[in-house]
Amino acid sequence: MSKRKNTLILTFVMGVLATAFALPLVRALGVPSFDVGLVALFGEGNIWAVVLSLLLILSIALGVGKLINSYT
């Protein structure tokens, strides 16, 4: 495998491991989840919470795509 593919795989594995260790720690500290935060900000069933979530997901997806294109 090329060095670029090794870097991408290593980055993916590090992200998965960081998530696996960070999420239980954050939950144990009592930090509310994302959906609880959205309900606290916008209220139950508000369309702006959905819009904010979709924008966040889109920005993450575009950022990851740009990162992958920069390595390949």
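User: Leaving aside neighbours within four places in sequence, which residues is Ser53 in contact with?
Analyst: Bear in mind that this is a predicted model. Ser53 is found in helix 3, which covers residues 47–71. Once its neighbours within four places in sequence are set aside, the residues in contact with Ser53 are Phe34 and Leu38.

User: Is Ser53 buried or exposed?
Analyst: Let's go by the number here. Buried means under 20% relative accessible area. Ser53 has a relative accessible area of 18%, so the word for it is buried.

User: What share of the 72 residues in the protein is buried?
Analyst: Ser53 is one example of a buried residue. Taken over the 72 residues of the protein, the buried share comes to 4%.

User: How many helices and strands does the protein have, and how do the elements run from the N terminus on?
Analyst: The secondary structure comes to three helices and zero strands. Read from the N terminus on, then, the order of the elements is α-α-α.

User: What radius of gyration does the protein have, set beside a compact globule of 72 residues?
Analyst: Start with the box: the C-alpha atoms fill roughly 50 × 30 × 10 Å along the principal axes. A compact globule of 72 residues would come out near 11 Å, but for the protein the radius of gyration is 16 Å.

User: How far apart are the end C-alpha atoms of helix 1, and what span should its 27 residues give?
Analyst: Helix 1 takes in residues 3–29. Counting 1.5 Å a residue, its 27 residues should span 39 Å, which agrees with the distance between the end C-alpha atoms, 38 Å.

User: Which residue just after helix 1 takes a positive phi?
Analyst: Helix 1 covers residues 3–29, so to speak the opening stretch to look along. Just after it, a positive phi of about 90° is taken by Gly30.

User: Which backbone oxygen does the side chain of Thr11 reach?
Analyst: Thr11 sits in helix 1. It's partly exposed, at a relative accessible area of 40%. Its side chain comes to 2.8 Å from a backbone oxygen, that of Thr7.

User: How far apart in space are Thr11 and Leu52?
Analyst: In sequence, Thr11 and Leu52 are 41 residues apart. In space, going C-alpha to C-alpha, the distance between Thr11 and Leu52 is 27 Å.

User: Where does Asn46 lie, and which backbone oxygen is 3.1 Å from a polar atom of its side chain?
Analyst: Asn46 lies in the loop between helix 2 (34–42) and helix 3. With 26% relative accessibility, Asn46 counts as partly exposed. The backbone oxygen found 3.1 Å from a polar atom of the Asn46 side chain belongs to Phe42.

Note on methods: Residues numbered from 1 in each chain as written. Predicted model: local features only at pLDDT ≥ 70, side-chain atom pairs only at ≥ 80, totals over all residues. Heavy atoms only, no water. Helix = DSSP H or I, 4+ residues; strand = E, 2+ residues; numbered from the N terminus. Buried < 20%, exposed > 50% of the residue type's maximum accessible area, 1.4 Å probe, protein only. Polar contact = N/O pair within 3.5 Å; in protein donor to acceptor, adjacent residues only side chain to side chain. Expected span 1.5 Å × (residues − 1). Contact = heavy atoms within 4.5 Å. Rg over C-alpha atoms; globule rule 2.2 N^0.38 Å.
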